[in-house]
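Please open the model in your viewer and keep the selection tool at hand. This tour goes step by step through the place where two chains meet.

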Amino acid sequence: MLNDAREVPDGTLLETDVCIIGGGAAGISMAREWAGSSLDVTLLESGGLASDPRTQALYRGRVFGRSYFRLDEARTRHFGGSTNCWHGMCRPLDPLDFEERAWVPGSGWPFGLAELRPHYERAQRVCGLAAFEYGAERWTLEGEPPIAFTDDAIESRVFQIAPRRFASLYGQALERARNVNVQLNANLIELEADADARRVERAQVATLAGGRFAVRARHFVLATGGIENARLLLASRGVRSAGLGNDFDLVGRHFMEHPHLVAGAWLPSSASIPIGFYRPRRAGEIHVAGLLTPSARVQREERILSFASFFSRAAELPDFEGRLTRFIAEMDGAPDPASRAVFFMNEVEQAPNPWSRVRLTEERDALGVPRVQLEWRLSPIDKRTLWQGQRLLARSLGRAGLGRLQVLLEEDEHSWPANLGGGRHHMGTTRMHVDPRHGVVDANCRVHGVANLHVAGSSVFPTSGSANPTLTLIALALRLADHLKRELR
Amino acid sequence: MKRGLDRRALLRGIGGAAALGSVGSGLLGLVGCGPSGDLETGLAACVADAEAARVVGAEVLVALGPSLPTAAELAQRLAGAARAEWEDRASTDRARLFEAVLAQHLADFDAGRLFGVRGWLLSQTEAQLCALVARRRPAEV
Ligand SMILES: Cc1cc2nc3c(=O)[nH]c(=O)nc-3n(C[C@H](O)[C@H](O)[C@H](O)COP(=O)(O)OP(=O)(O)OC[C@H]3O[C@@H](n4cnc5c(N)ncnc54)[C@H](O)[C@@H]3O)c2cc1C
């Protein structure tokens, strides 16, 4: 059922088995899991079915330090969440991303890819993607092979791309489900815990029309996105002044993005080297596009993070490059020098950094919830990964006689060029760790110390890999749904 | 060996490069291969498109800084410890000199010996080769 929270009488207490807060990729994926079951599920969604400026303004916040998107432009606050505007580029994490890496402080998930694999397969279906296959072989087209490197430093993979709008895709099914009560225009303003903060008693809800009511549930799932999940825990300070689940001052810390920037141009040695594999192209119901990423071996040896380089644009060659291409065509044995350079967009893993963080400010939004300040901080290893990654790519291309790479970066560990951006991927602020001193949630995404509070979304990622986050966060949300189903049996 | 040599066949003889497919297969003017002249001349003769190499080489020289090396010095740097052998090849069989240059060029990429020119990462060998061409008078190339 889709309901309008503005019609719920003031002071009402709704009772439910599972209360999901946030109707975006994570919340909708979870709610679907219970549609038609015997359990009673309430989904609280801040927005309505369409965008509304007053609701969107609840996302405003301050950006401190490194420049970033305006916070109310970095995500979408209505039913469907940021899937209303996402690009649908999907890729799972790699096996190494889950491991504890000695050169990446704070790395290591409580489980490996094998644990998540069946949930990834389900997440593929939720996202309307093809089979769970991301290797280059599966997606190679006749005459458009991936780059034929002669070493194993850099590997080709693909994105599967399907920018499905979750609200239109699943809204009707949720509307039909009698046991799922979707409350639109319902804003969580605080989670109220019992006296020793071991259980959440109620979710306090407000509407922009002035209404207030509460929800009592056996289990609560916070699924409001990578920044809001932290904001709402920090703002739930009725019992603990530091906020819920924040006994070790971890909530909001370790904010991670995927730094995005064009950092290199590839000058192929031959005009006939095909690059179609790396351009987005149709493949049945979806699109795919190739990408380049460092192998696990090279990440270990070079002590770098992961990154993904993908096609950005091709450009005519200026004068100097015109000569250079003639020379390298000779060196590489190509009869037909290329006439264009190919620019790569790089999407880089960011190492967990406790000083990269989301915190509350004194300022409040229209519903009285403290606004956030985002302080996005990068670490030397992030920059080194980008720089070293470009060198590795240059070496592999040169070694294979496939051309040369231009690196558009300073070779240092601190400076970042002005074209640095993010992917609007908000991760890490309620990180997962088996030990409450190192993580906000446990391996089942339950907030440490709070028996019935769980978090769904990329805020639980301990590390980010270089893959766009949504497929992984949906896989985790489905795994969490399974866990709660068992708990509620 | 003559200009127009099948360089794929030639490359098959280069250690470590056998698997490389077409790398270097169109490289070099390989002008005359008889016993003709010194190392510097032999190296310069490795480049067919001297005009392109000269433009790239001018930038390499800028990147190398104020102490402008002569073409002969660059030839020596290129050959390094293999100088005697390269000189021998230069005077007896330039195709084999080219083999050595190409093998060193590929080994540079393996070992990460790169040289940045306007941000383009070249192998040190090819960068020095271009610089050498740029340091010679056009008629000499
Ligand atoms: C322009 C853009 C492009 C993107 N492209 C990609 C891409 O190609 N690939 C990829 O993997 N990811 C991409 N992303 C990121 C992707 O959209 C997010 O990872 C994903 O939507 C996160 O899902 P979520 O459910 O955690 O949060 P969201 O989808 O943001 O959903 C959160 C929901 O919670 C609701 N909410 C917030 N606060 C409250 C509250 N207090 N009470 C009740 N409800 C609340 C919101 O209204 C929203 O519906 C992109 C994002 C943007 C903005």
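The stops below begin with the whole interface and end with single residues.

Begin by colouring chain A and chain B separately, bearing in mind that this is a predicted model. If you select the residues where the two chains touch, you will find 26 residues of chain A in contact with 38 residues of chain B. The size of an interface is often given as the accessible area lost when the parts come together. Between chain A and chain B the buried area is about 2800 Å², and carbon and sulfur atoms give 61% of that area.

Next, turn to the polar side of the interface, where 14 residue pairs, both members at pLDDT 80 or more, are in polar contact between chain A and chain B. On the side of chain A that touches chain B, the elements giving two or more residues are β11 (260-268), α8 (319-332), α9 (380-399) and β18 (403-407) of chain A. Select α8(A) among these, since with 10 residues α8(A) gives the most to that side. Colouring the same side of chain A by class shows 12 nonpolar, five polar and nine charged residues.

Now select β18(A) together with strand β2 (residues 120-123) of chain B, which run antiparallel and are joined by two bridges. Which residue of β2(B) is the bridge partner of A:Leu405? The partner is B:Leu121.

Finally, look for the salt bridges, of which there are five between chain A and chain B. One to show as sticks is formed by A:Arg404 and B:Glu126, whose closest N and O atoms are 2.6 Å apart.

Terms used: Residues are numbered from 1 along each chain as its sequence is written. Chains are lettered from A and ligands numbered from 1 in the order in which they are written. This is a predicted model: local features need pLDDT of at least 70, side-chain atom pairs count only at pLDDT 80 or more; totals for chains, interfaces and linings use all residues. Side-chain values use heavy atoms; hydrogens and water are left out. Contact means heavy atoms within 4.5 Å. Buried area is the accessible area (1.4 Å probe) that two parts lose on being put together, summed over both. A salt bridge is a side-chain nitrogen of Lys or Arg within 4 Å of a carboxyl oxygen of Asp or Glu. A polar contact is a pair of N or O atoms within 3.5 Å; within protein, one must be able to donate a hydrogen and the other to accept it, and residues adjacent in sequence count only if both atoms are side-chain atoms. Helices (H or I, at least four residues) and strands (E, at least two) are DSSP runs, numbered from the N terminus. Ala, Val, Leu, Ile, Met, Phe, Trp, Tyr, Cys and Pro count as nonpolar, Asp, Glu, Lys and Arg as charged, and the others, Gly among them, as polar. Two strands pair if DSSP finds at least two bridges between them.
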